[in-house]
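Colleague: I've just opened this one and I'd like to know what's behind the labels people put on it. Can I ask you some questions while we look?

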Amino acid sequence: MKITRSKTSRLDQVDFENLGFGAGLSDHVFRAEYKDGQWDDGVIEPYGHLRQGLGLHALHYGQAVFEGQKAYKQADGGIAVFRPERNFDRINLSGERMCIPTIPKDLFMNGLMELIRVDRDWVPSGKNQALYLRPFTFASAEWVIAKASDQYTFGIVTCPVGELYSGAIKVKIEQEFTRATQGGVGFAKAAGNYGGSFLATRKAIEEGFSQVLWTDHKEHKFIEEAGTMNVALIINDVLVTPKLSDTILAGITRDSILTLVREWGIEVQERDITVDELLDSVKSGDLQEAFGMGTAAVISPINGFGYQGTVIDCPFKEDGMATRIKTALSDIRYGRVEDSHGWMHRI
Ligand code: COI
């Protein structure tokens, strides 16, 4: 793989004491092109601008998918990526739904690992910080023909991040807009799923919430996911979470948390959860905790639900299940305990 190094670095522009989420991209990118039915070997080059014209297919028809994953500075000074094979599998699952050709495993893994090596100084070492990795594929033909593109770009950009949400958050149970429909692309990490959610999210933020809790498209009766994260409830000591379907993204953090919690002997139920059940469990006191789980969100405790113009407070315990899970997951991710699941991929 050809590597062209940047002559200058923007590293000194990063305020590592105050990392937010998503701005301040690292010095280098990985990019590979798909043409005439095959992917090239890819290159690493300095971060720069697209060379495409305004006919760029992805801009017109939204044929684009992405991933979110993280590299962590290890307790021994090394660097490791959390479950990268799962992101590889998922970008191809998303791509299949969006008619995007499969990315070969070597291209994905070598591109990712080599890019992290090149920008290793960008991996932050502060508490709850990581290098966020954003692999993405977009249709790169230049035309306005309304059919799947015949050219694609697979890129990876990275940036040092802190937590997406700091502290407990309130979410609005969405009763008007819809994120996903049966038979649609809700299970895929399709770019348009996010673009389509921004209006509802902006309204929720204006009303004082951090996020939307999406409900099913037919009746707005069942809770689904929160757009940037899956959700879990602790009801009478049982972890309850919406079962996966074609309207919910299969979160890798979700899967890891369910694995840990089951190992601890805690009952997990993956099933339908109605809005009524959620609100009743808050009123009766059966709901002990609620939290979101995602790569960017990590574990975000939920301390209130917005519903039909009112806010229903939800209990949040500093020493509860969310905190226990976050500590256990962080210990694995930052290499403070043995990685008995084989989740960490050392660079
Ligand atoms: C992630 O957790 O990686 C996501 O994709 C959410 C992001 C859109 C903020």
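Modeller: Sure. Start with burial: buried residues make up 52% of the 347 residues in the protein chain. Keep in mind that this is a predicted model.

Colleague: What makes a residue count as buried or exposed here?

Modeller: Under 20% relative accessible area is buried, over 50% is exposed, and in between is partly exposed. Take His28, in strand 2, which runs over residues 28-35. Its relative accessible area is 6%, and the cut-off for buried is under 20%, so His28 is buried.

Colleague: Which residues does His28 touch?

Modeller: Leaving out residues up to four places away in sequence, its contacts include Thr4, Arg5, Ser6, Ile44, Pro46, Tyr47, Leu115 and Asp119. Ile302 is another matter: the C-alpha atoms of His28 and Ile302 are 36 Å apart in space, with their positions 274 residues apart in sequence.

Colleague: And why is Asp313 called exposed?

Modeller: Asp313 has 55% relative accessibility and exposed means over 50%, so Asp313 counts as exposed. You'll find Asp313 in strand 17, residues 310-313.

Colleague: What does Asp313 touch?

Modeller: Lys170, Val282, Asn303 and Gly304, again not counting residues up to four places away in sequence. Lys170 is 143 residues from Asp313 in sequence, yet their C-alpha atoms are 8.6 Å apart.

Colleague: How is Lys35 placed?

Modeller: Lys35 is in strand 2. Beyond residues up to four places away in sequence, Lys35 touches Asp150 and Gln151. Tyr152 is 117 residues from Lys35 in sequence, with 7.1 Å from C-alpha to C-alpha.

Colleague: What share of the contacts in the chain joins residues 24 or more positions apart?

Modeller: 72%, taken over the contacts with a separation of 6 or more.

Colleague: Now the whole chain. How many helices and strands does the protein chain have?

Modeller: There are 8 helices and 18 strands.

Colleague: And why is the chain called as compact as a globular protein of that length?

Modeller: Its radius of gyration is 20 Å, and the globule rule gives 20 Å for 347 residues, so the chain is as compact as a globular protein of that length. Along the principal axes, the C-alpha atoms fill a box of roughly 60 × 50 × 35 Å.

Colleague: What about the surface and the charges?

Modeller: The accessible surface comes to about 15700 Å², and 49% of it belongs to carbon and sulfur atoms. As for side chains, 38 are positive and 47 negative, with the centres of the two sets 3 Å apart.

Colleague: How do you know that helix 6 has close to the expected reach?

Modeller: Helix 6 covers residues 252-263, so 12 residues, and the expected span is 1.5 Å times one less than that number. That gives 16 Å, and helix 6 reaches 17 Å from its first C-alpha to its last, which is close. Its buried residues include Ile252, Ile257, Leu258, Leu260 and Val261. After helix 6 comes Gly265, with a positive phi near 85 degrees.

Colleague: What does the comparison give for helix 8?

Modeller: Helix 8, residues 321-333, has 13 residues and reaches 18 Å, close to the 18 Å expected at 1.5 Å a residue. Among its buried residues are Met321, Ala322, Ile325, Leu329 and Ile332. Gly335 follows helix 8, and its phi is positive, near 70 degrees.

Colleague: What makes a positive phi worth pointing out in a residue other than glycine?

Modeller: Most residues other than glycine have a negative phi. Cys99 has a positive one, near 65 degrees. Cys99 is in the loop between helix 2 (84-97) and helix 3 (105-118). At 52% relative accessibility, Cys99 is over the 50% cut-off, so it counts as exposed. Asn128 also has a positive phi, near 60 degrees, and sits in the loop between helix 3 and strand 8 (130-139).

Colleague: How do you know that Ser125 is exposed?

Modeller: Its relative accessible area is 59% and the cut-off is over 50%, so Ser125 is exposed. Ser125 lies in the loop between helix 3 and strand 8. Lys317 is 192 residues from Ser125 along the chain, and their C-alpha atoms are separated by 27 Å.

Conventions:
Residues numbered from 1 in each chain as written. Predicted model: local features only at pLDDT ≥ 70, side-chain atom pairs only at ≥ 80, totals over all residues. Heavy atoms only, no water. Helix = DSSP H or I, 4+ residues; strand = E, 2+ residues; numbered from the N terminus. Buried < 20%, exposed > 50% of the residue type's maximum accessible area, 1.4 Å probe, protein only. Rg over C-alpha atoms; globule rule 2.2 N^0.38 Å. Contact = heavy atoms within 4.5 Å. Areas by Shrake-Rupley, 256 points an atom, 1.4 Å probe, with all protein chains shown as cover. Lys, Arg positive; Asp, Glu negative; His and termini not counted. Charge placed at Lys NZ, Arg CZ, Asp CG, Glu CD.
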